[in-house]
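Biologist: I would like to take a close look at one part of this protein with you, and to see how that part fits with the rest.

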Amino acid sequence: MSKFVWLLVLLLVCVQLSAQTTGKIEVDAHRKPLNQVLLGLKESYGFQFAFDSDLLSNYVVTCQRSFNTREETLEYLVRDLPLQIIQSGEVFLIVRNPEQSGNVSNTRISGQVLEALTNEPLPYSYVLINRKPVQADQQGNFNFVASADTGYNLQISHLGYYIYDTLLTQSIEKKFYLTPQIQRINEVQIMSNPIEKSTLIGDRAGHMKINHQIAPILPGHGDNSVFTLLRLMPGILAAGEQSNDLLIWGAYESHSKIQFDGFTLFGLKNFNDNISVVNPFMVKNIEVMKGGYGVRYGDRVGGIVEITGKDGTMLKPTFTFNINSTTVNTMVQVPISKKSSVMAAYRQTYYQLYDPTSLSPFARTKNQGGMANDNNSQDNGHDFDVTPDYLFRDANLKYAWNGDRGERFALSLYGGGDQFKYDMDREVSRFFITRSEKEENLQYGGSAQYTKPWTNRNRSVFSVAYSAFEQQVAEENRLENTKTGYVRITKLTETDNSVDELALKAEHTLNFEEGNKLILAVGAVNNHVRLSRVSDNENTIDLENDISRLYLWAQEELPVGEWLDLKAGLRLTYAGVLNAVYTEPRISVSLQIAKNFKLNTAWGIYHQYNAKTALIDSAYNFSTFWINADNGDIPVLSAQHYVAGASYNNEGLTVSAESFYKTTDGLTRYFDGNKLFKHGFYEGNARSYGIDIFVKKEYKRHVAWISYTWSQTDEHFPFYINSYYQPAPQHQTHELKLAAIFNYKSFYLSGNYVYGSGFERFDIETEEGINLDQPYHRADASLVYKFKPGKIKTEAGISILNVFNTDNIKYSNLRVTSADDLSLVGIYADAVPFTPALFFKLEF
């Protein structure tokens with residue numbers, strides 16, 4: 001009994017001592033940085049803080065005592081320091097005390113955004129400083145001059161990376177490292193921050209930013225993953241599997257520019273969307289300007305796709321190897337020092353790429369595009385099986401160097417080529433038809449860029465870029481009368497077309513307070529074109545010329561408060577051979593009318609001096625060639641863009657609607673002629689208008705989106721006899737695209753679906769009743785597994801293209817030839833059928 005009493009007394013004493021110490025906050029620190037002391041309080045007592053870790057690390061404190069309240073604890077710790085405490089609910093904001101900090105007129109926040117795993121600069125990262133937007137440049141550099149304030153909330157985001165979020169209270173210049181989300185969980189260091197995942201749409205008019213890291217997860221052959229992802233975005237044509245170019249907002253082939261590391265990519269032949277001109281291993285960032293873009297971009301009346309290549313890791317050598325159903329792809333990255341690296345990549349098809357391809361002749365039963373046609377009879381339909389021969393290879397080489405004071409030099413080189421040909425012979429009616437086609441392409445280019453930061457933290461960029469494209473095409477059609485043995489060559493053409501571009505540019509950025517920025521640039525561009533076309537042993541086109549331009553432009557970027565962002569610029573171009581000055585004013589406005597809701601609008605005038613011109617033969621086949629403007633037969637292209645849209649972003653949900661209206665003058669076609677029109681160049685114009693809808697939802701590590709485009713693109717040429725405007729060849733009224741990516745542990749399951757309403761221009765019906773303006777349907781699916789045996793990062797996957805084996809037509813491969821004097825035989829190629837595609841990737 002006495003033992004029980006003593007235990008009861010002891011328990012009461014412990015309860016009393018516990019009651020006396022309830023609410024006590026113990027601090028035990030000896031010459032410890034203040035930021036570490038506060039982190040200890042957060043872990044032990046649940047304090048909620050917001051502070052500049054770099055600032056507080058400069059203050060060392062010593063304290064060994066107990067406190068009754070949180071307020072008392074913090075007031076004691078900062079009592080002799082030039083800091084003040086601002087409480088907002090349960091959060092304590094610790095900032096510099098302006099009364100003890102002296103007279104500071106403004107604060108400068110600058111730095112460079114880098115990837116944490118490779119030290120790669122992250123171009124055009126999105127920076128928010130006290131809710132004011134600042135965009136980093138191509139090398140991830142940003143600079144913001146702010147008026148005096150107690151603190152600055154800094155947020156840095158880049159698609160596919162965890163968001164960097166911190167509080168600053170003083171001027172700072174440092175490197176900010178972002179961790180990629182695509183790494184597996186055990187490789188990620190910052191798990192509490194949100195992620196920018198797939199696509200940034202709606203931040204400004206006509207602009208999209210694409211997360212290239214998700215491209216290899218989507219269905220496809222892998223070597224075209226960049227363009228597969230682009231074509232799932234609103235406003236970029238996917239139906240019909242246009243393989244030679246990106247068609248954006250109704251723009252014609254070559255009216256939109258694809259730019260890699262500052263030099264122009266003119267394009268390579270691609271029969272079935274298997275390979276793109278850009279190696280996905282080399283891609284670091286993708287920006288898409290569909291229309292209404294600023295004065296930085298010139299020489300195009302359509303859209304701009306700017307692709308920035310990787311610099312290469314400066315931490316350790318890496319080797320990447322990928323093999324899929326079509327190509328072998330390798331990449332090597334070697335650090336030369338802590339400041340520089342070299343990287344190289346090479347791709348090549350390793351076996352005959354194409355199986356026998358079905359080519360079907362048809363009789364023309366309807367007029368194409370309202371053009372004159374006196375061939376009205378029908379012929380029987382037949383099938384041809386041919387096996388195209390195709391060879392593709394390309395290589396990239398890049399050197400990058402980063403100086404101690406923010407200087408940077410980069411040299412990027414590219415070379416690629418392909419060959420495509422087929423022969424076909426078949427008896428049709430009383431004729432034996434022989435057809436052969438051969439095309440060879442060569443694309444090469446390079447750029448050098450030097451970035452110089454100045455002592456006032458303004459920045460200059462000097463660059464030189466050169467690229468060239470050479471194409472040789474030969475076609476021959478022969479008809480043999482099986483009764484008489486008479487042989488007639490109905491088509492014999494050889495075309496040799498080359499184009500190059502040399503560009504020099506100097507750009508300087510001036511930074512002012514509150515994000516106000518003035519960008520100035522001067523430059524020179526020269527395009528050289530060589531074009532020779534021989535038809536039926538007659539030289540019908542033979543020209544060679546240059547067009548040189550000098551330009552300068554200025555753009556003011558003016559944020560007004562936290563809600564309005566105004567960009568206005570003027571671009572002036574002098575074309576010497578034309579002896580003319582072209583003025584291009586442009587303006588864009590973004591209005592943040594609520595926290596998650598933004599309105600955007602833009603307007604601009606655009607000119608293009610070098611473009612593709614379409615050649616229409618007597619059978620109404622379209623072929624294109626590069627040519628310079630001369631203000632004679634070939635006028636300078638001129639366009640106006642009107643863009644307006646709205647976007648909503650909240651907790652992983654993005655909803656965007658964007659409308660556009662574009663006019664283009666100075667279109668040219670070379671018409672081979674018929675009984676009504678003589679051969680020669682004809683000038684026309686076009687208009688395009690429509691609306692893009694984009695809805696995306698991100699949930700945990702999953703993402704899905706829907707994009708829809710309604711549009712109308714019409715054109716007029718003098719040889720249209722039915723009405724003034726006719727649908728343009730690329731016109732399609734409706735296009736719907738669905739895509740989703742699901743991630744479970746190391747597995748990635750994805751799928752996409754594309755629907756197109758059909759191209760009205762190809763209003764043709766075969767003898768079997770097949771309409772060539774039929775709707776386009778295609779569904780793809782893929783499964784990717786990522787694992788890491790030892791230190792080797794490994795990926796394996798399978799894609800199923802055209803899961804339901806839907807019959808589609810690839811319009812860029814459509815040909816028409818004459819079978820006799822009364823009828824026309826057409827040849828079209830089916831688009832991608834049901835196709836399994838495997839890939840295996842290693843990186844170490």
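Biologist: Over residues 817-828, where pLDDT stays under 50, how many contacts beyond four places in sequence does the model have? And once that is settled, could you take me carefully through helix α4?

Modeller: This is a predicted model, and for residues 817-828, where pLDDT stays under 50, it has 59 contacts beyond four places in sequence. Another stretch with pLDDT under 50 covers residues 353-383, for which the model has 117 such contacts. Where pLDDT is low, the predicted coordinates should not be read in detail. For the protein chain as a whole, the mean pLDDT is 80, and 81% of the residues reach 70 or more. Confidence is lowest in strand β22 (residues 357-360), at a mean of 42, and highest in strand β33 (residues 597-608), at 95.

With that caution in place, we can turn to the helix. The protein chain has five helices and 47 strands, and one of those helices is α4, which covers residues 70-77. At the N-terminal end of α4 there is a cap, provided by T69, in which a side-chain oxygen lies 3.1 Å from the backbone nitrogen of E72. Within the helix, T73, L74 and L77 are buried. Viewed down the axis of α4, these buried residues fall within an arc of 90 degrees, so they line one face of the helix. As background, an α-helix has 3.6 residues a turn, so residues three or four places apart point the same way.

What, then, does this face meet? The buried residues of α4 pack against one helix, α2 (34-45), and against the strands β1 (25-33), β2 (48-51), β3 (60-67), β4 (83-88) and β5 (91-96).

To set the helix within the whole, of the 844 residues of the protein chain, 54% count as buried. Among the contacts in the chain with a separation of 6 or more, 66% are accounted for by residues 24 or more positions apart. The accessible surface of the protein chain comes to about 35,400 Å², and 55% of that surface belongs to carbon and sulfur atoms.

Aromatic rings can be followed elsewhere in the chain, since a search of the whole structure finds 18 aromatic pairs. In one of them, the rings of Y670 and F681 have their centres 5.0 Å apart and their planes at 75 degrees, so the pair is edge-to-face. Y670 counts as buried, at 4% relative accessibility, whereas F681 is partly exposed, with a relative accessible area of 23%.

Technical notes: Residues numbered from 1 in each chain as written. Heavy atoms only, no water. Helix = DSSP H or I, 4+ residues; strand = E, 2+ residues; numbered from the N terminus. Buried < 20%, exposed > 50% of the residue type's maximum accessible area, 1.4 Å probe, protein only. Contact = heavy atoms within 4.5 Å. Areas by Shrake-Rupley, 256 points an atom, 1.4 Å probe, with all protein chains shown as cover. Arc of directions from axis to C-beta. Polar contact = N/O pair within 3.5 Å; in protein donor to acceptor, adjacent residues only side chain to side chain. pLDDT = per-residue confidence, 0-100. Phe/Tyr/Trp six-rings, centres within 6.5 Å; stacked < 30°, edge-to-face > 60°.
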